[in-house]
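Colleague: I should like to learn how to read cysteine pairs, helix packing and buried cores from a set of coordinates. Could we begin with the cysteines and then turn to the helices?

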Amino acid sequence: MTIVRGVHILAAPCCGANYAFPRYVSMNFSAFEYWTDGWREGSPMPNDEGLRRCKCGQFVLVKDMIELATKETAEVPHMDHVPDEHLPECIAKASSEDMEVAARFVYWRFLNHEYRERYRQHRDAEEAATEAAWILANPDRRTWWDKRLGRKPPQYVRSPRSPFTFPAFEPSATQLQNMKRLSEILRNRREASPKDYVIELAELYREQGRFEEAEEVIVKLDADQVDVTSKLIRRLIGERQSAPMRYRM
C-alpha cells in the first residue's frame, strides 16, 4: 500500500518557488488495468514521468528540483501536473533531452487513450456475447430438490478457449511522429547503457509496426529483466500485432 508521512519541500530550479511533495514511506503501483505502453489505469501512483509546471510558466522535472527540507506539514502549495493539452508545448520548449523524453513518454500514452476506450468497448461487447451464448447453452437444470436445498445454478466462468479479439490499431501521423522521435532518442541512449529502455523501445517499435527492430531489442533483455510485461510484448512481436494491449500482472 502507499503510505505518506509528511512532505518534502522542493525548490523549482527556474524561479526558486517552493512546493510540497508527498514523502512516501511505501509506494503501491497496483492498478485496475496494466497496458504494454506502461499506462496504469487507476493506479495510486502517477503516470506522469515526474513532469510538472511551475507557477512561473516553466516546465520542470521533479528530479531536477532542489530539496530544502522535510516536514510533517507545509503551507506551501503542491505543484501542478502538466495538462495533457500542454504536452506538445512542453515537448517544443523542453530545456533538456531528459525533459523531452519524459514529455514524449506521457504524450505517447495520452495519445493511446482513444484506442484504449475502443479496446474496452470491444472487449466488453465480446465478453457479454460469449456469456450470453453460454447461458443459452447451459439452462438451469436444477431439480426441485436442488432448489429446496438452495443449490445454485451453474455460473459462467470464462474459458481459455473463449474468443479474444480487439480492434485494429491505426496510429495517427502525430502518434507515429512522436513514437519515431522517442525511439531515436532511446536507441541513442542505449548505445551508452544497453540495459536501459529495452522494454520501452521494443514496445515503441512494435506499435509502429517495426517488428524486426522490436525483436532485435527484446532478445537482448537480461534474464533478471524478464517479467509478465516483457513476455507479452515478445509474444505480440512474434504474432506481428501492433496494438497496445491490456493485461494482468
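**Cysteines, a helix pair and its core**

Modeller: The sulfur of Cys14 has its closest cysteine sulfur in Cys56, at 3.6 Å, which is too far for a bond. Please bear in mind that this is a predicted model.

Colleague: What is a disulfide, in general terms?

Modeller: A disulfide is a covalent bond between the sulfur atoms of two cysteines. The cut-off applied here is 2.5 Å, so the 3.6 Å between the sulfurs of Cys14 and Cys56 does not qualify. For Cys90, the closest cysteine sulfur is that of Cys14, 12 Å away and likewise too far for a bond. The search of the whole structure returns zero disulfides.

Colleague: Is Cys90 buried or exposed, and what is the status of Cys14?

Modeller: Cys90 counts as buried, with 0% relative accessibility. Cys14 is partly exposed, its relative accessible area being 36%.

Colleague: Let us turn to helix packing. At what angle do the axes of H5 and H6 cross?

Modeller: One reads such a pair from its axes, its handedness and its contacts. Helix H5 spans residues 173-192 and helix H6 residues 198-207; their axes come within 10 Å and cross at roughly 145 degrees. The crossing is left-handed. On the H5 side the contact involves Met179, Leu182, Ser183, Leu186, Arg187 and Arg190, which meet Val198, Glu200, Leu201, Leu204, Tyr205 and Glu207 of H6. By class, this contact has seven nonpolar, one polar and four charged residues.

Colleague: Why may H6 be called largely enclosed?

Modeller: Enclosure is judged by counting buried residues. Eight of the ten residues of H6 are buried, so the rest of the structure largely encloses this helix. Among them are Ala202 and the charged residues Glu203, Arg206 and Glu207. The buried residues of H6 pack against H2, H5, H7 and H8. Just after H6, Gly209 adopts a positive phi of about 80 degrees.

Colleague: Which residues touch the most other members of the largest nonpolar core?

Modeller: To read a core, one asks who belongs to it and who touches whom. This core has 18 residues, and Leu182 and Leu186 touch the most other members. H2 (97-111), H5, H6, H7 (211-218) and H8 (228-238) each supply at least two of its residues. H6 gives the most, with five. Leaving aside residues up to four places away in sequence, Leu186 touches Val101, Phe105, Tyr197, Glu200, Leu201 and Leu204. A second, separate core has 13 residues, including Leu87, Ala102, Tyr107 and Leu111.

Note on methods. Residues numbered from 1 in each chain as written. Predicted model: local features only at pLDDT ≥ 70, side-chain atom pairs only at ≥ 80, totals over all residues. Heavy atoms only, no water. Axes fitted to C-alpha atoms, helices over the stretch in contact; angles between N-to-C directions. Helix = DSSP H or I, 4+ residues; strand = E, 2+ residues; numbered from the N terminus. Left-handed = near helix turned anticlockwise from the far one by under 90°. Contact = heavy atoms within 4.5 Å. Buried < 20%, exposed > 50% of the residue type's maximum accessible area, 1.4 Å probe, protein only. Core = buried A, V, L, I, M, F, W, Y, C linked by side-chain atoms within 4.5 Å.
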